[in-house]
Amino acid sequence: MWTGAGMSMRAVYKHWHEVLAAEFFGADHALHSTVLYVDTEIERDLMVRHGIAAGLAETVADELIWHDYERPLFCRIQRACVSWVRSGSAGPPPSLPVLALSVLAATRMASTDGMLKTNFYGRWVQLFGEQPHSYRANKLQSAFLDVAAMWEELDTWLNDTGGLYGASTVSTDEHYWKIGFPISQALVRGSDRQILTRFFAATRLRPHNPNEVSGRELLRRLRVWTAGRDRHLSPLLMAELANTADMGETLITKLLRRLADDWDGTLHEPERGHRRRALGLRLMVTDRGRRLEWLAEAICGLPETEVGLLGGRTFTLRKEYGDVYDGLESLHPSPQQLAHGLRLEGDALVLEWAPEEVVLLRMHPHLGEWVSTEYFEPGEQHWILAAESAVGEVRSMVSALGGRTLREAAAPVPGWKLFKGVRAINGRAFTRALDRGGAHAHVLEPQVRQHADLSGGLRIASEYRAGSGVAGHYLRGGAPDLLLPASESPDGRVEILLDGHTEKLRADPRVPFPLCLIPLDEGEHQVGTAQSSQVFTLHDGLHEGLPPGTGMLGYQCETTAQRELTDTDAPRTTIRGAYAPESIRLPRTELVRGSVLEALLIDPHGGVKRAKQPSVPIWMASRLPKDTHGPCLEVEVPAGYAWLIYRTTARWSVRPLAAAADIPAPAPSYDDYAWAYAVLSASDRSHTPPWLDYVAAAQVITRKQGT
């Protein structure tokens, strides 16, 4: 692999280099994060499997220049690296055995043998069999600057090759710098990488981290994920989680961020070719807290797949409305699953629920149901699902928040309880509740933000201009709260700009800053930091008429309509909307998002009307992009019909077509069997009194038929 000076290196050193190159930078690592983790067990295993005659320490020691005061200790290896660069940097650099040995030293850092666990150089010298503070020991320590340069060279080479040999996880920080390189590789062993890909999936991280979740936020989530549960992570990594301060970027936060940025959404399974996608199961509380279901979010590029219990049932998953999978409705969460976990495996996808005693839930933006989540959002409503063993502590914890609408209810699974209306609106009480700690205090932890954001407020209108950068329009006096980003400053403060005026605020992500306390005039305002800001407007109330400029917005159209809304003052063909006079009465229309196999309209007098899927108009199919024709059913409802009943691949559903008080009582004839069977097909899908009356009437008809 090397020429020139590298050819003079001993055969054992070159053998070690070839083994390490294949083991950690081989073809199976392409486009995946690679960690040069070597401990005593791995060193011994590599020696046995590949017939290597000497260990790393002995091999590297034979290449060092010990007695020449004018030449660097690693001179021979440095010359090989220079030759490697000149010959085109083909394959990993010749420094791999040296780097692997430094990682081996980092894995041995512990408070034993009279050394502190922070004493890297003591372990580094010990590997070579040298006495502390001797001439050779001092030379090994002072020469480590050259080893750090070799680590930087490896990191640069991995980045320059674009992931062909693996994505680099080499990291360091200002505190460690030189020794931080090997320590960063010693933190995550091979088994940790498998577990961390499961963690990324469980915490809803997207492949390659497009939302730029910070290392500090990943560290917070990992602490929550491991709180009170043995995830089988290595002791060194767990110690780093426990000892790392929350302020600033550290070795572990940088490493987690690099692993997250390089994660492609698959499990770390080299034996399977890294092909299986991974996803954390969610718990969903539906029907106002009466029913518990499993929820799996749909994965991009996998609209349909199959998973199953080990040696048991299989389930076909299909992507539905809200970017979630249908197909798990018949798998009802049980106390055993909640207590011991659940794992569903397929050839393409693995779904997993890790057991938790306390589950935090927040309203899903599309489904309108309470779904488990990773972090608490101050000011927003939450539910908490708690096992009986944790109810007392959770009750005390949420009561300390000072909320007025907290309610306790029996959960839809034996041995658990629901706490509804959990909300933090008192900043001091929220801070005290978190500072008090406890086994389940992590449930109330907000996310660590990198950017300023807005939350809450009395919104009177959403922004209608695409790409305008306006977060929303609010009632004056009801301005939103400002969510502050994490501070890098020693005093914990962050510099905030509001309409050009600067103020330093304490950056506590647990407590939003209420902008409503600042007297702001009507109009547009900008708030945030120099790196990130939000624009919003305040108004004294809604005004009749169209917002200014609305008539000048539209979709320019030549042969195909443009996707983005733009100004349309130029004399071009433009779609600007339509105006319907009051004399025209448009038909009542119901829209069902998702693929519907069958749909029926029901009236109170025994009438059943089958609703058909409308075809896409030719003018629409020819002018609009294909991906605009998503699966949905649009039903025109004639006067007199009271219910819409429809069937998807997963289940029947029912929807009222009027307010409950306006739905007429059922009055079918004794032989309206089609009506009765249609009603009974969705009998358990609603528990409202009007629907129960229709179900009772249908049951009477079917009983008469059987007599």
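**Helix packing, cores and strand pairing in a predicted model**

In this predicted model, helix α5 and helix α8 (residues 144–160) pack with their axes 10 Å apart and at an angle of about 110°.

Q: Why are α5 and α8 called roughly perpendicular to each other?
A: The angle between α5 and α8 is about 110°, and angles of 65 to 115 degrees count as roughly perpendicular; α5 and α8 are therefore roughly perpendicular to each other. The crossing in which α5 passes α8 is left-handed, and the contact is made by L96, V98, L99, S102 and V103 on the α5 side, with F144, V147, M150, W151 and L154 on the α8 side.

Q: What makes F74 and W124 stand out in the largest nonpolar core?
A: That core has 80 residues, and of these F74 and W124 touch the most other members. Helix α5, which spans residues 96–107, gives the most to this core, with 9 residues.

Q: Which residues is W124 in contact with, leaving aside its neighbours within four places in sequence?
A: Contact requires heavy atoms within 4.5 Å, and on that basis W124 is in contact with F74, V98, L101, S102, A105, L140, F144 and V147. Apart from the core to which W124 belongs, there lies another core, of 32 residues, including L283, A298, F315 and W353.

Q: How do you know that strand β18 pairs with both β17 and β24?
A: Two strands pair if at least two bridges are found between them. Strand β17 (residues 459–461) and strand β18 (residues 470–475) are joined over 2 bridges in the antiparallel sense, whereas β18 and strand β24 (residues 533–539) have 4 bridges in the parallel sense, so each of these pairs satisfies the condition of at least two bridges. In β18, H473 is the bridge partner of A461, and H473 also stands opposite T537 in β24.

Q: How do you know that β25 and β26 count as a pair?
A: Strand β25 (residues 553–556) is joined to β26 by 2 bridges, and the two run antiparallel; since pairing asks for at least two bridges, the condition is met. In β26, D567 is the bridge partner of L553.

Q: Why are β26 and β27 described as standing at the edges of their sheet?
A: The open sheet has 3 strands in the order β26-β25-β27, with antiparallel pairing. Strands β26 (566–567) and β27 (574–575) each have a single partner strand, so one side of each is left without a neighbour in the sheet.

Notes: Residues are numbered from 1 along each chain as its sequence is written. This is a predicted model: local features need pLDDT of at least 70, side-chain atom pairs count only at pLDDT 80 or more; totals for chains, interfaces and linings use all residues. Side-chain values use heavy atoms; hydrogens and water are left out. A nonpolar core is a set of buried Ala, Val, Leu, Ile, Met, Phe, Trp, Tyr and Cys residues joined through side-chain atoms within 4.5 Å. Buried means under 20% relative accessible area, exposed over 50%, partly exposed in between (1.4 Å probe, protein chains only). Axes are lines fitted to C-alpha atoms, for helices over the stretch in contact, and angles run from 0 to 180 degrees between N-to-C directions. Angles under 35 degrees count as roughly parallel, over 145 as roughly antiparallel, 65 to 115 as roughly perpendicular and the rest as oblique. A crossing is left-handed if the near helix is turned anticlockwise from the far one by less than a right angle, and right-handed if clockwise.
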